[in-house]
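Colleague: Got a minute to walk me through this one? I'd like some residue details, then the interface.

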Number of protein chains: 2
Amino acid sequence: MASVAPEVEKKEEEEQVVNPWEVSAGKGGIDYDKLVDQFGCQRLDAPLIDRIARLTGRPPHRFLRRGLFFAHRDLNEILDIYEKGDKFYLYTGRGPSSEALHLGHLVPFMFTKYLQDAFKVPLVIQLTDDEKFLWKNLTVEESKRLARENAKDIIACGFDVERTFIFSDFNFVGGAFYENMVKVARCVTYNKVVGIFGFTPEDHIGKISFPPVQAVPSFPSSFPKHFSGNDQLRCLIPCAIDQDPYFRMTRDVAPRIGYQKPALIESRFFPALQVNKYAFSGGQDSVELHRKLGANLEVDVSIKYLNFFLEDDDELERIKKAYKEGRMLTGEVKQLLVTVLSEMVERHKRARARVTEEMVDAFMAVRPLPNMFG
Amino acid sequence: MASVAPEVEKKEEEEQVVNPWEVSAGKGGIDYDKLVDQFGCQRLDAPLIDRIARLTGRPPHRFLRRGLFFAHRDLNEILDIYEKGDKFYLYTGRGPSSEALHLGHLVPFMFTKYLQDAFKVPLVIQLTDDEKFLWKNLTVEESKRLARENAKDIIACGFDVERTFIFSDFNFVGGAFYENMVKVARCVTYNKVVGIFGFTPEDHIGKISFPPVQAVPSFPSSFPKHFSGNDQLRCLIPCAIDQDPYFRMTRDVAPRIGYQKPALIESRFFPALQVNKYAFSGGQDSVELHRKLGANLEVDVSIKYLNFFLEDDDELERIKKAYKEGRMLTGEVKQLLVTVLSEMVERHKRARARVTEEMVDAFMAVRPLPNMFG
């Protein structure tokens, strides 16, 4: 699973293409409305966000309030279940292709941590080292090593070891998990995966075999040690919207093999954060002009990122107002963003440094989760 | 793995088709010479059989002497290794689609037992319950149950538990075995498997994903507990020739992932044995005519089976001579065959009845094989 989309290519006048391995935007950038319609998911609207706040008794995460997570499938059903006092579990993942996770990679995990804390539910995190071996020029050993390194970054986000299982495919595939892979595979034709993922006949069969691997963590029976006796537990998947094709396929297959469809909560793409002097600014060309006309917030990258990372709603509003009215300069806003991000990055670095090999082993141990709904 | 071909269809005037799921003969029955040329394997000739006898210090098995196993790939290399005092291992398998194995199903296991005894080498036996789930209308549970039932028939053939590992894919796939599956899958395109196995775009991806599962028991690193430290151990696969496509693919991939190619020793097809009054006879239409003209041995089914199952070469020759010269009648030959087969079947039944669940567990336990070359 790629939790964050690859670099978004901008193509002139072409159709946007969004699948787990390619994201290319049309002329005006990604058209998310079009994507929601094309994929057939639902918009995550204000009443639904209010309902989350009401049910969890805490303010919705800023990634919800500010529209980073913007689409869903059957999230209302998950909330119905929760409202009745029943439970569900969370499933997310990452394709470990780099040594360390940057802030953009951490976004879905920060959000998943909020969901785990707010709903007090168990969580499985799949590290698709097999996927990265299949798609990138890596050895099995290197893919597994990256998976373990990435697990440290994920653990540093603060997940609760009592209700979190992190696994690498190379280490965990087998048993009930493999049985479910084979069950899913029997329900999906080659033509179907070509339609969903755009494979070609020259693609290797490793690629064609992979979709069931990412599908089956959606089913609690894939984790018999963890979810024993909870085979109908519903699953909610927080992920970037480029992963939707996997779960469209999964939702299509689920009822045919007697399982519940997973629900989804989906984010926009979040390109790598590189805040430097080249970041696109909505400020004017000269200080004089800026003082007079103010900034165009719609295109300003610093504002876009502050929107996602500055927790305080009032402070954000003050900054936006001052920048828009020309009272704040681009450099000042940028400096503010650098301060906010640096603080987050430093906090993450410190947390990651505290993650020991023993903690990784504990999260990755195949074991019952005694306190998973506690 | 289907150790014995499915019922051989006879088609008029059509090309013969031989792959793991379909065997259809042309007008004159299976043309094995053509098959050897088409597949690119070698004929198992008399000098090679003599060499096996010389190296093992025992007479070659009647399945070798009488041409049931008739083709090979790199068997000479395996014998070179053995002659130098090095070892190899055996790999065979079965797709568990029926409750009990009939005599035809047991042929490859009888032969494999001879190889194990003669060369004193370890053996892995794959029960492809996943394959049967994917191709037949079975549940996972039923496929696994059949695998375990079939293991009892296999154990009854007399394998040495000290050097034999029997496994079901549903139970064993994972870890190093799964890593090798993914390594193989990355080397084989969809076009390639279509060419080898004849898949169509409407086939489900379970079928397309399966060939690597049958490929990787050819590599000792798939069994780290059993063959630890013997990663370059050569593998010899006794099987029916319809399984050749899997191992052509495997031999093609092996050097690309740093592994040795498996060698093969391949048998003709062996249709289910149903000796009854409808079995095709080479005898004449009346006793009088038979006494005068004698039998046509070439087309006589009883003689064909006696050829494979009557151990005593001299007695077989006596029978064939008497039958050919009209001194023995079809009914008498048939009765002899029934006696020979009944004795084998009874012996097998008694042996199978002695196989306990504990013995099955012992053969299927994932463990080092301390005495595997002893």
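Modeller: We'll take single residues, then cysteines, then the chain contact. Keep in mind that this is a predicted model.

Colleague: Fine. Where does T112(A) sit?

Modeller: T112(A) lies in helix α5 of chain A, residues 103–119.

Colleague: Buried or exposed, T112(A)?

Modeller: T112(A) is buried, because its relative accessibility is 0%.

Colleague: And what is T112(A) in contact with, leaving aside neighbours within four places in sequence?

Modeller: L90(A), T92(A), L123(A), F159(A) and P238(A).

Colleague: Switching topic. How many disulfides over all chains?

Modeller: Zero, searching the whole structure.

Colleague: Why no bond for C157(A)?

Modeller: The closest cysteine sulfur is in C239(A), and it is 17 Å from the sulfur of C157(A), so the pair is too far apart for a bond. C235(A) is in no disulfide either; its nearest cysteine sulfur, again that of C239(A), is 10 Å away.

Colleague: Are those two cysteines buried or exposed?

Modeller: C157(A) is buried, at 16% relative accessible area. C235(A) counts as buried too, at 1%.

Colleague: Next, H348(A). Which helix?

Modeller: H348(A) is in α18 of chain A, residues 330–353. With a relative accessible area of 13%, H348(A) is buried.

Colleague: Which side chain has a polar contact with that of H348(A)?

Modeller: That of D153(A), at 2.7 Å. Beyond four places in sequence, H348(A) is in contact with L106(A), D153(A), A156(A) and C157(A). That last one is the cysteine we just discussed, with its sulfur 17 Å from the closest other one.

Colleague: Now the interface. How many residues from each chain?

Modeller: Chain B gives 34 residues and chain A gives 35. About 3,100 Å² is buried between them, and carbon and sulfur atoms give 63% of that.

Colleague: Which three residues of chain B supply more than any other three?

Modeller: Y178(B), R186(B) and I205(B), with 25% of the area chain B buries against chain A.

Colleague: How many salt bridges across the interface?

Modeller: Two. One salt bridge joins the side chains of E179(A) and K144(B), 2.6 Å from N to O. There are also 21 residue pairs in polar contact across the interface, both residues at pLDDT 80 or more.

Colleague: Which element gives the most to the side of chain B that touches chain A?

Modeller: α9(B), with eight residues.

Colleague: And what's the class make-up of that side of chain B?

Modeller: 18 nonpolar, seven polar and nine charged residues.

Note on methods. Residues numbered from 1 in each chain as written. Chains lettered and ligands numbered in written order. Predicted model: local features only at pLDDT ≥ 70, side-chain atom pairs only at ≥ 80, totals over all residues. Heavy atoms only, no water. Helix = DSSP H or I, 4+ residues; strand = E, 2+ residues; numbered from the N terminus. Buried < 20%, exposed > 50% of the residue type's maximum accessible area, 1.4 Å probe, protein only. Contact = heavy atoms within 4.5 Å. Disulfide = S-S within 2.5 Å. Polar contact = N/O pair within 3.5 Å; in protein donor to acceptor, adjacent residues only side chain to side chain. Buried area = accessible area lost by both parts, 1.4 Å probe. Salt bridge = Lys/Arg side-chain N within 4 Å of Asp/Glu carboxyl O. Nonpolar A, V, L, I, M, F, W, Y, C, P; charged D, E, K, R; others polar.
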